[in-house]
Amino acid sequence: MFKGVTISALALLILFFVGILVSMVSYTDWNTFISALLSREILFAIRLSLTTATVATILSMLIAIPVAYAISQTEFPGKNIVDSLLDLPIVISPVALGAALLVFFNTPVGAGIDAHIIKFVFAVPGIVLAQITVISALAVRLLKSTFDSIDPRYEQVGRTLGCSKPEAFLRITLPLAKDGLIASGILTWARATGEFGATITLAGATTMKTETLPIAIFLSLASADIEKTIAVIFVLIIIAVVALIIMRKIIGRRYVI
Amino acid sequence: MLLVGLLIFTLFSGCAKGQQKTINVFCGAASKPAMDESAQAFEKKTGIKVYCNYGGSGAVLSQMKLSKTGDLYVPGAPDYIPKAERDDAIDTKSVKIIAYLIPVIAVQHGNPKNIQSLSDLAKPGLKIGIGNPDAVCLGLYAIEILDYNHLLAEVGKNIATQAESCEKTATLLSLKSVDTVIGWHVFHDWDANNIDVVYLKPEQIPRIAYIPAAISTFTKDRDSAQKFIDFLVSKQGQDIFSKWGYITTESEARKFAPNAETGGEYELPDTYYELLGK
């Protein structure tokens with residue numbers, strides 16, 4: 001009975017998403033899809049989406065791993081407040097985060113960085129920055145769960161056997177966390193690829209310059225070209241599915257014991 | 001007891017609202033301030049509630065087509081009327097011109113970069129914003145003006161970003177994210193504190209834009225839709241648009257560009273796509 005209910009829930013959810021996909025198929029045709037996929041604009045968007053999402057994910061994970069470890073394993077005053085604060089970026093709409101970044105780059109400090117160090121506003125680094133801002137909190141949240149599930153005794157035993165604290169972390173805790181790390185990384189990458197609100201606010205919607213796949217979808221819709229919109233949606237779906245499968249295969253293979 | 005009371009109350013208010021007529025307008029953002037006020041004035045006068053869904057003219061057209069709902073379509077430029085016609089989304093015979101828009105160079109308050117003419121836009125180091133020409137009528141007009149005046153290649157180098165909607169193009173200036181945008185003359189009225197406008201020479205403007213309103217083919221209350229269009233072109237409606245800086249008569253619009261065309265469509269030139277490809 002219980003198994004029936006759970007399987008039914010799964011079936012309903014899959015049916016829902018498949019239903020949405022199928023209803024889109026009727027709005028476009030094979031020719032539009034192929035011409036969209038092979039157009040310079042969309043090929044550019046695919047390359048841009050893949051590179052920015054990957055860079056953003058790597059940087060976010062590098063930041064999130066120590067942060068999540070600190071929140072999970074260390075005690076410090078005000079920990080509860082910090083923990084709650086780190087949930088805020090997830091709650092606040094990406095558009096708000098993008099607008100906040102834009103306002104920051106208007107301040108003297110921000111304008112100086114933008115002019116002399118790296119140009120973020122309306123430029124490709126802005127895409128990466130917008131994505132990092134949105135996904136970092138998510139990465140921390142996911143990784144905290146991972147580290148929470150690791151018994152600190154393993155590290156402690158390692159310490160008694162002569163490992164320094166960094167050594168214990170790198171040789172004991174991280175390998176134990178590998179499944180969680182992989183899952184968090186993949187989810188973070190997926191979120192980065194789909195990022196739209198902060199990206200369009202900070203980096204703009206400039207064709208062939210800051211046009212990621214979600215922005216390409218938005219621009220097609222904004223040109224009242226429904227067929228192209230649906231075609232690009234399918235492009236994004238296929239790219240995402242292919243990338244996710246490849247990631248699971250590559251990372252999974254390397255860590256097989 | 002309280003819960004039941006609350007439920008009954010909400011049911012009742014739902015019923016009462018159902019009896020009020022409402023119309024839905026899919027509206028390009030270019031006319032937002034005036035449309036907001038017109039909607040309120042219209043409701044006061046007739047009791048018919050007007051809901052305005054704003055966005056880029058193309059984006060709201062997509063929404064209208066996909067949802068197969070809507071009573072009126074009011075894009076920010078005439079370019080979208082042929083598009084909407086081709087998609088059988090509007091009743092062509094119902095199109096009325098509500099107000100005219102003049103393309104101008106909009107600058108930050110006080111004109112710190114001292115831009116006096118169109119050719120000044122080619123100054124090296126200047127940051128220009130335009131609407132995305134594929135998605136925003138305003139962007140299309142920007143490219144057309146630059147192309148018409150043979151400045152597309154030089155000025156094109158300075159285009160820092162493309163905004164995804166008309167009002168975002170104005171916001172670029174309000175936030176000081178760019179030095180200048182090619183915008184509508186009403187931008188100054190939208191944000192007088194932050195935006196000044198520099199008018200182009202009459203012979204530089206190939207086309208004047210206007211805000212058209214059309215009844216949608218999906219309307220369920222043609223009567224109310226027609227009433228709202230009639231209101232917008234009536235003295236009361238036109239006064240509201242004038243108040244917000246829109247030009248309401250063709251003769252006044254012609255003062256800025258006596259030889260310009262009105263309406264029609266413009267196709268992006270190949271040189272624009274070359275510009276992108278660099």
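How far apart do the C-alpha centres of domain 1 of chain B and domain 2 of chain B lie? Keep that in mind while you load the view; the tour comes back to it shortly. One thing to know before you start is that this is a predicted model.

**Stop 1: the two domains of chain B**

Select residues 20–100 and 210–254 of chain B and give them one colour, since together they form domain 1. Then pick 103–206 plus 262–277 of chain B, which make up domain 2. The C-alpha centres of these two domains of chain B are 25 Å apart. Each domain puts 20 residues into the contact between them.

Now look at the face that domain 1 of chain B turns to domain 2 of chain B. Helices α2, α3 (57–67) and α4 (80–86) of chain B each supply at least two of its residues. By class, that side of domain 1 of chain B holds eleven nonpolar, seven polar and two charged residues.

**Stop 2: a helix pair in chain B**

Stay with α2 of chain B and select residues 32–46, then add α10 of chain B, residues 235–243. The two axes are 9 Å apart and meet at an angle of about 150°. Angles over 145 degrees count as roughly antiparallel, so that is how α2(B) and α10(B) are described. The crossing of α2(B) past α10(B) is right-handed.

To see what fills the contact, show side chains for B:Ala34, B:Glu37, B:Ser38 and B:Ala41 on α2(B), and for B:Gln236, B:Gly237, B:Ile240 and B:Phe241 on α10(B). Sorted by class, these are four nonpolar, three polar and one charged.

**Stop 3: where the chains meet**

Next, show both chains. Their contact draws 17 residues from chain A and 21 residues from chain B. On the chain A side, select α13 (residues 213–222), which gives the most, with four residues. That side of chain A has twelve nonpolar and five polar residues, and no charged ones.

**Stop 4: chain A as a whole**

Hide chain B and colour chain A by secondary structure. You will find 14 helices and zero strands in chain A. The C-alpha trace of chain A spans about 65 × 65 × 30 Å along its principal axes. Of the 257 residues in chain A, 36% are buried. Among contacts in chain A with a separation of 6 or more, 76% join residues 24 or more positions apart.

**Stop 5: α6 against α8 in chain A**

Select α6 of chain A, residues 94–104, and α8 of chain A, residues 124–148. Their axes come within 10 Å and cross at roughly 130°, which means that α6(A) is oblique to α8(A). The crossing here is right-handed.

Show A:Pro94, A:Leu97, A:Gly98 and A:Leu101 from α6(A), facing A:Leu129, A:Ala130, A:Thr133 and A:Val134 from α8(A). This contact has six nonpolar and two polar residues, with no charged ones.

**Stop 6: zoom in on A:Val134**

Finish by centring on A:Val134, which lies in α8(A). Is A:Val134 buried or exposed? A:Val134 counts as buried because 27 C-beta neighbours sit inside 10 Å, where the cut-off is 20 or more.

Leaving aside residues up to four places away in sequence, A:Val134 touches A:Pro89, A:Pro94, A:Leu97, A:Glu195 and A:Ala198. For a last distance, pick the C-alpha atoms of A:Val134 and A:Asp87: these residues are 47 apart along the chain, and the two atoms are separated by 11 Å.

Terms used:
Residues are numbered from 1 along each chain as its sequence is written. Chains are lettered from A and ligands numbered from 1 in the order in which they are written. This is a predicted model: local features need pLDDT of at least 70, side-chain atom pairs count only at pLDDT 80 or more; totals for chains, interfaces and linings use all residues. A residue is buried if 20 or more other C-beta atoms lie within 10 Å of its own, exposed if 12 or fewer, and partly exposed in between; C-beta atoms are placed from the backbone. Two residues are in contact if their C-beta atoms, placed from the backbone, lie within 7 Å. Axes are lines fitted to C-alpha atoms, for helices over the stretch in contact, and angles run from 0 to 180 degrees between N-to-C directions. Angles under 35 degrees count as roughly parallel, over 145 as roughly antiparallel, 65 to 115 as roughly perpendicular and the rest as oblique. A crossing is left-handed if the near helix is turned anticlockwise from the far one by less than a right angle, and right-handed if clockwise. Ala, Val, Leu, Ile, Met, Phe, Trp, Tyr, Cys and Pro count as nonpolar, Asp, Glu, Lys and Arg as charged, and the others, Gly among them, as polar. Domain bounds come from an automatic or database domain assignment.
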